[in-house]
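Here is a short tour for someone meeting this structure for the first time. Have a look at it below, and then we'll walk through a few spots together.

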Amino acid sequence: MKMLVRDSGLGQRRIERAIAQLKDAGFMEVTQPRGQNEEGKYFGCRAIRVVHEALFEWLGLGPMLRRERERASQRLSRKARQANRKLADFMRRAASGFRPPAKRPSVLTQAQRIAWSQEWGRQVKAGYDLREAQRRTNTAFGLPPDYQPGLDA
């Protein structure tokens, strides 16, 4: 209710009347679930408002609603396929036995960190952007491209 009042600019009482009119017209259904606390007393939860497809048809928005539902369905299908691929990949790795993760470089000594920072500074002064300077510095030190001293602890 607060969101409807805030986003519509109408007063709360006007929103309540509009919802009642939509319910009476058969365009909306409102249910309010109830819960029970430890002492056995009932309390009301937030109301659930369901807008029926008939409202969209009445407003002439039926084709738009169907198009958006189809797009949502396609998005969910894509996510399901991606999740299934990830699950299949995980199961394949599990069946073939887990391999230990790639070894992270050992923690640099203080002197090596200073040398790394100085080299990185030279790269930045040479005009490279921060990521490229990091990549070049790591290449010079024989480290992975995304390595950052201070994150290796």
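## The inner side of helix 5

Let's start with helix 5, whose buried residues are Trp116, Glu119 and Gln123. Looking down the axis of helix 5, you'd see these buried residues fall within an arc of 70°, so they line one face of the helix. Keep in mind that you're looking at a predicted model.

Over on the other side of helix 5, Gln110, Ala111 and Lys125 are exposed. As for its dimensions, helix 5 covers residues 110-125, 16 residues in total. From first C-alpha to last it reaches 22 Å, close to the 22 Å expected at 1.5 Å a residue. Just after helix 5 comes Gly127, with a positive phi of about 105°.

## Where helix 6 comes in

What covers the buried residues of helix 5? Helix 6 is part of the answer. A handy residue to follow here is Thr137, which sits in helix 6 (residues 130-141).

Is Thr137 buried or exposed? Thr137 counts as buried, because its relative accessibility is 0%. Leaving aside residues up to four places away in sequence, Thr137 touches Trp116, Glu119, Trp120 and Gln123. Trp116, Glu119 and Gln123 are the buried residues of helix 5 we began with.

## Salt bridges on helix 6

Stay on helix 6 for a moment and find Arg136, which forms a salt bridge with Glu132. The closest N and O atoms of that pair are 3.0 Å apart. Arg136 and Glu132 are four residues apart in helix 6, so about one helical turn separates them.

Arg136 is partly exposed, with a relative accessible area of 31%, and Glu132 also counts as partly exposed, at 22% relative accessibility. There's a third partner too: Glu132, Arg135 and Arg136 are linked in a network of salt bridges.

## Other salt bridges

How many salt bridges are there? The count comes to eight. One of them joins Asp7 and Arg6, with the closest N and O atoms 3.2 Å apart. Asp7 counts as exposed at 55% relative accessibility, and Arg6 counts as exposed at 61%.

Another pair to look up is Arg66 and Glu57, whose side chains meet in a salt bridge at 2.6 Å, N to O. Arg66 is partly exposed, with a relative accessible area of 43%, while Glu57 counts as partly exposed at 38% relative accessibility.

Key. Residues are numbered from 1 along each chain as its sequence is written. This is a predicted model: local features need pLDDT of at least 70, side-chain atom pairs count only at pLDDT 80 or more; totals for chains, interfaces and linings use all residues. Side-chain values use heavy atoms; hydrogens and water are left out. Helices (H or I, at least four residues) and strands (E, at least two) are DSSP runs, numbered from the N terminus. Buried means under 20% relative accessible area, exposed over 50%, partly exposed in between (1.4 Å probe, protein chains only). Contact means heavy atoms within 4.5 Å. The expected span of a helix is 1.5 Å times one less than its number of residues. The arc is that of the directions from the helix axis to the C-beta atoms. A salt bridge is a side-chain nitrogen of Lys or Arg within 4 Å of a carboxyl oxygen of Asp or Glu.
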